[in-house]
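This report walks through one protein chain, moving from its overall build to its sheets, its core and a few unusual places in the backbone. Please keep the sequence and the structure in view while reading.

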Amino acid sequence: MAKPWDGIFSAKEVDVVIPAAGGTVYIEPFGDVHHDNKSCCKETWGEFLEDAYNRMGPTTLFLGMGDYIDMASSSERKGLAAAGLHDTTMDNLDIIANQNINAFIEDISFMQGKLLGFIQGNHDWVFEGGPYEADKTGSQVMAEDLGTEWLGVSSRITVNVKLRSGKLVDKIKIYANHGKGGGGSTVGAPFNTVQKMSMTFGDGELFLMGHDHSLGGLPSTVLSSRGDDDVGALRCYYGRTGSFLRAYEPNVQSYVTAGGYKPATLGVIRYEYKFTKRVIDGAISYKKKVNQIS
Ligand SMILES: [Fe+2]
């Protein structure tokens, strides 16, 4: 039977305010951290946290893409459920998982107030109960503790870019899914899977997936109507949001090594949506330019 947190789609809208003279909105996804795994690269993770902290401003929006902690994969959780463990054993596992979840929350606590939410990954803990809320996932605890939303496995997020006056400048339409495998080991294959999301969600412009630990994004331009009689170019991106899990460390066991998979390019990808004010024949508009950084 499906669990209450399984297969959930969410839709949310947020407002972000830019100056009337123009400004930039920063979308910063992060995921596949596997924070409690011994192969989580704490050096790269620390660099990301420091950069993100130093960079962030009033128009920065972070987005959790899943697999924040490693314990445990969905198949491991099925194995645990089938093992019929004693209550004390399950309580102890809950306690360990809670410590791991709290350590992750502490690391990203500076993002509070700037988080779009937390996508659910396939690596997560599901609390058995006891002192904790039964059937609650680690991602749900993170969202609750940091005052944001748990977004299920798939989410549509509309960022309404506004001026202080309330005037709407643009809508950035994001579709995020923890993800599916890339369907191939070549560099380009993972992005084909992300592009397929646009067959389901036709009006998006930023499509994001994690899961396969690849990093980067490909642009694609579509023609989109922006008004009654105005059709213009819209630059979309199909992004894979990276990972912090190392592989091929000497004498360290890893499923990546065992399977002969390619190692992940560690780190994150981020997007800058720059809005430049234009005045043509007295009419004010804002030109949008997207920049992807990885
Ligand atoms: Fe992962």
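The protein chain has six helices and 11 strands. Its radius of gyration is 20 Å, close to the 19 Å that the globule rule gives for 294 residues, so the chain is as compact as a globular protein of that length. The model is a predicted one, and along its principal axes the C-alpha trace of the protein chain spans about 75 × 40 × 40 Å. Of the 294 residues, 38% count as buried. Among the contacts with a separation of 6 or more, 75% are made by residues 24 or more positions apart.

**The open sheet**

Five strands form an open sheet in the order 4-3-2-10-11, and the pairing in this sheet is mixed. Strand 4 (115-118) and strand 11 (283-293) stand at the edges, where each has a single partner strand, so one side of each is left without a neighbour in the sheet. Neighbouring strands of this sheet are turned by 15° against each other on average, with direction ignored. As general background, strands of a sheet pair through backbone hydrogen bonds, either parallel or antiparallel. Within this sheet, strand 2 (residues 22-30) and strand 3 (residues 60-64) run parallel and are joined by five bridges. One residue to look for here is Tyr26, whose bridge partner in strand 3 is Thr60.

**Pairings of strand 6**

Strand 6 can be followed through two pairings, which the table sets side by side.

| Strand pair | Sense | Bridges |
|---|---|---|
| Strand 5 and strand 6 | antiparallel | nine |
| Strand 6 and strand 7 | parallel | four |

In the antiparallel pair, Ser155 stands opposite Ala176 in strand 6. Strand 5 and strand 6 form a hairpin with four residues between them, and Gly166 in the turn has a positive phi of about 100°. In the parallel pair, Tyr175 stands opposite Phe207 in strand 7.

**The nonpolar core**

Which residues have the most contacts inside the largest nonpolar core? They are Val25, Ile27 and Ile174, in a core that has 65 residues. Strand 6 (residues 168-177) gives the most to this core, with five residues. Val25 shows how residues from separate parts of the sequence come together: leaving aside its neighbours within four places in sequence, Val25 is in contact with Val16, Ile18, Thr59, Val159, Val161, Ile172 and Tyr273.

**Helix 5 and its buried side**

The buried residues of helix 5 (residues 189-200) are Pro190, Phe191, Thr193 and Val194. These residues cover an arc of only 155° around the axis, which puts them on the same side of helix 5. It is useful to recall that an α-helix has 3.6 residues a turn, so residues three or four places apart point the same way. The buried residues of helix 5 pack against strand 7 (206-209), strand 8 (215-225) and strand 9 (231-241).

Why does Thr193 count as buried? Thr193 has 22 C-beta neighbours inside 10 Å, and a residue is buried if 20 or more other C-beta atoms lie within that distance of its own. The C-alpha atoms of Thr193 and Gly179, which are 14 residues apart along the chain, are separated by 8.7 Å.

**Unusual places in the backbone**

The loop between strand 3 and helix 2 (74-82) holds Ala72, and a cis peptide bond with omega of about 5° joins Met71 and Ala72. Asp67 also has its place in the loop between strand 3 and helix 2, and phi of Asp67 is near 55°, a positive value in a residue other than glycine.

Another positive phi in a residue other than glycine belongs to Asp281, where the value is near 50°. Asp281 lies in the loop between strand 10 (270-280) and strand 11.

Is each of these two aspartates buried or exposed? Asp67 counts as buried because it has 28 C-beta neighbours inside 10 Å, whereas Asp281 is exposed, with 4 other C-beta atoms within 10 Å.

Technical notes
Residues numbered from 1 in each chain as written. Predicted model: local features only at pLDDT ≥ 70, side-chain atom pairs only at ≥ 80, totals over all residues. Core = buried A, V, L, I, M, F, W, Y, C linked by C-beta atoms within 7 Å. Buried ≥ 20, exposed ≤ 12 C-beta atoms within 10 Å, placed from the backbone. Helix = DSSP H or I, 4+ residues; strand = E, 2+ residues; numbered from the N terminus. Contact = placed C-beta atoms within 7 Å. Pairing = 2+ DSSP bridges. Axes fitted to C-alpha atoms, helices over the stretch in contact; angles between N-to-C directions. Rg over C-alpha atoms; globule rule 2.2 N^0.38 Å. Arc of directions from axis to C-beta.
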